[in-house]
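The following exercises concern one protein chain and are to be solved with its coordinates at hand. Each task is followed by a worked solution.

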Amino acid sequence: MPQRHNPPSIRPVGNDFKGIYTHAVALEAPQKLFFISGQIGVDPQGVTHESFEDQCHEAMASVETLLSTVDLSMNDMVRVVYYLTKAGNLPALTKIRQARWGGNEAPAVTTLVIAALARPEYLVEIEVTAGR
């Protein structure tokens with residue numbers, strides 16, 4: 001099982017991020033590790049959603065589907081990296097994370113605001129490492 005680490009000797013996890021963020025996650029060998037490439041807001045028919053919220057939900061659904069293919073769940077996510085093209089979408093990302101993945105065992109998280117993704121219409125990409 002992944003072990004979450006939020007020691008009291010470093011900055012505490014803020015109330016808005018409890019359940020969706022942890023400072024570090026440890027795995028003891030041997031473990032099953034699963035690395036998910038960055039998932040974007042494009043549905044199975046190849047349609048790119050227009051809104052940030054819809055793209056985020058679609059990318060999260062892809063992550064959930066991929067986890068299920070190897071009998072893992074959101075509780076097994078040990079690291080998540082969010083790439084956003086607009087800082088103004090950070091509050092929406094937090095709200096979506098809390099609603100969709102909050103309450104699970106929180107992974108280590110990095111969130112980056114970058115100039116662009118692979119295509120100009122992409123607003124978010126989500127990369128995940130999971131393990132058990």
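A salt bridge is a side-chain nitrogen of Lys or Arg within 4 Å of a carboxyl oxygen of Asp or Glu. The model is predicted: local features need pLDDT of at least 70, side-chain atom pairs count only at pLDDT 80 or more, and totals for chains, interfaces and linings use all residues. Residues are numbered from 1 along each chain as its sequence is written, and side-chain values use heavy atoms, with hydrogens and water left out.

**Exercise 1. Salt bridges**

Task: Determine how many salt bridges the rule yields, and place the partners of arginine 100 and glutamate 64 in the chain.

Solution:

Step 1. The count comes to three salt bridges.

Step 2. Glutamate 121 pairs with arginine 119, with 3.6 Å between the closest N and O atoms. Accessibility is classed by relative accessible area (buried under 20%, exposed over 50%, partly exposed in between; 1.4 Å probe, protein chains only). Glutamate 121 is partly exposed at 34%, and arginine 119 is partly exposed at 43%.

Step 3. Arginine 100 and glutamate 64 form a salt bridge with an N to O distance of 2.9 Å. This pair links distant parts of the chain, since arginine 100 lies in helix 2 and glutamate 64 in helix 1, 36 residues apart. Helices (H or I, at least four residues) and strands (E, at least two) are DSSP runs, numbered from the N terminus.

Step 4. Arginine 132 and aspartate 76 form a salt bridge in which the closest N and O atoms are 2.8 Å apart. Arginine 132 belongs to the segment after strand 6 and aspartate 76 to the loop between helix 1 and strand 4, 56 residues apart. Arginine 132 is partly exposed at 36%, whereas aspartate 76 is buried at 4%.

**Exercise 2. The sheet**

Task: State the strand order of the open sheet and explain why strand 3 and strand 5 each have one side without a neighbour.

Solution:

Step 1. Two strands pair if DSSP finds at least two bridges between them. The open sheet has four strands in the order 3-6-4-5, with mixed pairing.

Step 2. Strand 3 (33-40) and strand 5 (108-113) stand at the edges and have a single partner strand each, so one side of each lacks a neighbour in the sheet.

Step 3. Strand 4 (residues 77-84) and strand 6 (residues 124-131) run antiparallel and are joined by seven bridges. Among the facing residues, tyrosine 83 has glutamate 125 of strand 6 as its bridge partner, and valine 80 stands opposite valine 128.

Step 4. Strand 4 and strand 5 run parallel and are joined by six bridges. Here arginine 79 has alanine 108 of strand 5 as its bridge partner.

Step 5. Six of the eight residues of strand 4 are buried.

**Exercise 3. Helices on the sheet**

Task: Identify which strands helix 1 touches and which strands helix 2 lies across.

Solution:

Step 1. Axes are lines fitted to C-alpha atoms, for helices over the stretch in contact, and angles run from 0 to 180 degrees between N-to-C directions. Contact means heavy atoms within 4.5 Å.

Step 2. Helix 2 (residues 90-101) lies across strand 4, strand 5 and strand 6, at about 150° to strand 4. Leucine 93 of helix 2 is buried at 1%. Its contacts beyond four places in sequence are Phe52, Cys56, Tyr82, Leu84 and Thr111.

Step 3. Seven bridges join strand 4 to strand 6. Helix 1 (residues 52-68) packs on this sheet and touches strand 3, strand 4 and strand 6, its direction making about 155° with that of strand 3.

**Exercise 4. A buried charge**

Task: Establish which side chain of opposite charge is nearest to glutamate 58 and which side chain makes a polar contact with glutamate 58.

Solution:

Step 1. Glutamate 58 is located in helix 1.

Step 2. Lys and Arg count as positive and Asp and Glu as negative, while His and the chain ends are not counted. Glutamate 58 is buried without a salt bridge, and the nearest side chain of opposite charge, arginine 100, is 7.8 Å away.

Step 3. The side chains of glutamate 58 and histidine 49 make a polar contact of 3.1 Å. Such a contact is a pair of N or O atoms within 3.5 Å; within protein, one must be able to donate a hydrogen and the other to accept it, and residues adjacent in sequence count only if both atoms are side-chain atoms.
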